[in-house]
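Please look over the sequence and the structure below. The paragraphs that follow go through them part by part.

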Amino acid sequence: MIRDVAAKRYAEAADLIAREDGTGEAWAAGLRAMAALFGDADAVAFLENSRVPAEQKQDLVRKAMEGAPPEALNMALLLLRRRRFGLAPQIAEAFQELLDAEKGISHATVTSAVPLTDDERAAVRRRLTEITGGEVEIETEVDEDILGGLIVRIGDRLIDGSTRNRLQELKQQLAGARS
């Protein structure tokens, strides 16, 4: 997901506070609640309605964020005031990535030409755990255009073992051999 720079900054600020207080999981839950509220079309329509008093909007946010750290509630109210609802899911995702990184957990996106079976997913997870030296959570995608094999993205690392990539490399080698 393309992430707004502001979302990353909010997440980093939340991470600093959470590490200081030892409230990472509470923050994560609060930010997920905020993302769910600001990601709901009906809630956003209510919050954007100029006829609804600001106090009612704030009450909705307070109810949705019940149990969250006070600073997380303040962040949600700040986003409400600035009408930056779209940042909420990105902030929650970026915060979770920071929290997972502190725990040594990596996230990988695995693209295959056909859906992976549970056994194949487990094998990919084991192999990625060996490569990274830490726990890896995988998300799978299907793209028939890669023809076969896998494309794995872990953070800024890309491992392209797709058949399409191998065919392109072969084509370049054959074109170079003709010269």
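In this predicted model, the largest nonpolar core holds 34 residues, and Leu31, Met34, Phe38, Val61, Ile91 and Phe95 are the ones that touch the most other members. At least two residues of this core come from each of helix 1, helix 2, helix 3 (41–48), helix 5 (70–82) and helix 6. There is also a second, separate core of 9 residues, with Ala108, Val124, Val152 and Ile154 among them.

Phenylalanine 95 is a convenient place to start in the larger set. Its relative accessible area is 0%, so phenylalanine 95 is buried. Setting aside residues up to four places away in sequence, phenylalanine 95 touches Ala11, Ala14, Asp15, Ala18, Gly24, Trp27, Ala28 and Leu31. One of these contacts, Trp27, brings in the aromatic rings.

The structure holds 2 aromatic pairs. One of them is formed by tryptophan 27 and phenylalanine 95, with 6.3 Å from centre to centre and 35 degrees between the planes, and is classed as tilted. The class follows because planes under 30 degrees apart count as stacked and those over 60 as edge-to-face, with the rest as tilted. The two partners are 68 residues apart, tryptophan 27 lying in helix 2 and phenylalanine 95 in helix 6, and the pair thus links distant parts of the chain. Tryptophan 27 has a relative accessible area of 1% and is therefore buried as well.

Tryptophan 27 also takes part in the contact of helix 1 with helix 2. Here Ala14, Ile17 and Ala18 in helix 1 meet Gly24, Trp27 and Leu31 in helix 2. The residues of this contact comprise 5 nonpolar and 1 polar, with no charged residue. Two packed helices are described by the angle between their axes and the distance between the axes. For helix 1 (residues 5–21) and helix 2 (residues 24–39), the angle is about 145 degrees and the axes are 8 Å apart.

Helix 1 also contains aspartate 15. Is this aspartate 15 buried or exposed? With 4% relative accessibility, aspartate 15 counts as buried, because the limit for that class is under 20%. Apart from neighbours within four places in sequence, aspartate 15 is in contact with Phe95, Leu98 and Glu102.

Two further residues show how helix 6 is placed. Leucine 99 sits in helix 6 (residues 87–102) and, at 7% relative accessibility, counts as buried. Residues up to four places away in sequence not counted, leucine 99 touches Gly24, Glu25 and Ala28. Between the C-alpha atoms of leucine 99 and alanine 28 the separation is 8.3 Å, although these positions lie 71 residues apart in terms of chain spacing. Glutamine 96 is in helix 6 too, but at 22% relative accessibility glutamine 96 counts as partly exposed. Outside its neighbours within four places in sequence, glutamine 96 is in contact with Ala28 and Arg32. The C-alpha atoms of glutamine 96 and glutamate 25 are separated by 9.1 Å, and the two residues are 71 residues apart along the chain. Ala28 thus appears among the contacts of leucine 99, of glutamine 96 and of phenylalanine 95.

The strands come next. An open sheet of 4 strands is arranged in the order 2-1-3-4, and its pairing is mixed. Strand 2 (135–142) and strand 4 (157–162) are the edge strands, each pairing on one side only. On average, neighbouring strands of this sheet are turned by 20 degrees against each other, direction ignored.

Strand 1 (residues 105–112) pairs with strand 3 (residues 149–154) in the antiparallel sense, over 5 bridges. Within this pairing, threonine 109 has arginine 153 in strand 3 as its bridge partner. Strand 3 and strand 4 also run antiparallel and are joined by 6 bridges. Valine 152 stands opposite isoleucine 159 in strand 4. These two strands, strand 3 and strand 4, form a hairpin with 2 residues between them, and glycine 155 in the turn has a positive phi of about 60 degrees.

Helix 7 (residues 118–132) lies across strand 1, strand 2, strand 3 and strand 4, and runs at about 135 degrees to strand 2. Valine 152, opposite isoleucine 159 in the strand pairing, is also one of the residues of the second core.

Key:
Residues are numbered from 1 along each chain as its sequence is written. This is a predicted model: local features need pLDDT of at least 70, side-chain atom pairs count only at pLDDT 80 or more; totals for chains, interfaces and linings use all residues. Side-chain values use heavy atoms; hydrogens and water are left out. Buried means under 20% relative accessible area, exposed over 50%, partly exposed in between (1.4 Å probe, protein chains only). Contact means heavy atoms within 4.5 Å. Axes are lines fitted to C-alpha atoms, for helices over the stretch in contact, and angles run from 0 to 180 degrees between N-to-C directions. Ala, Val, Leu, Ile, Met, Phe, Trp, Tyr, Cys and Pro count as nonpolar, Asp, Glu, Lys and Arg as charged, and the others, Gly among them, as polar. Rings of Phe, Tyr and Trp (its six-membered ring) pair if their centres lie within 6.5 Å; planes under 30 degrees apart count as stacked, over 60 as edge-to-face and the rest as tilted. A nonpolar core is a set of buried Ala, Val, Leu, Ile, Met, Phe, Trp, Tyr and Cys residues joined through side-chain atoms within 4.5 Å. Two strands pair if DSSP finds at least two bridges between them.
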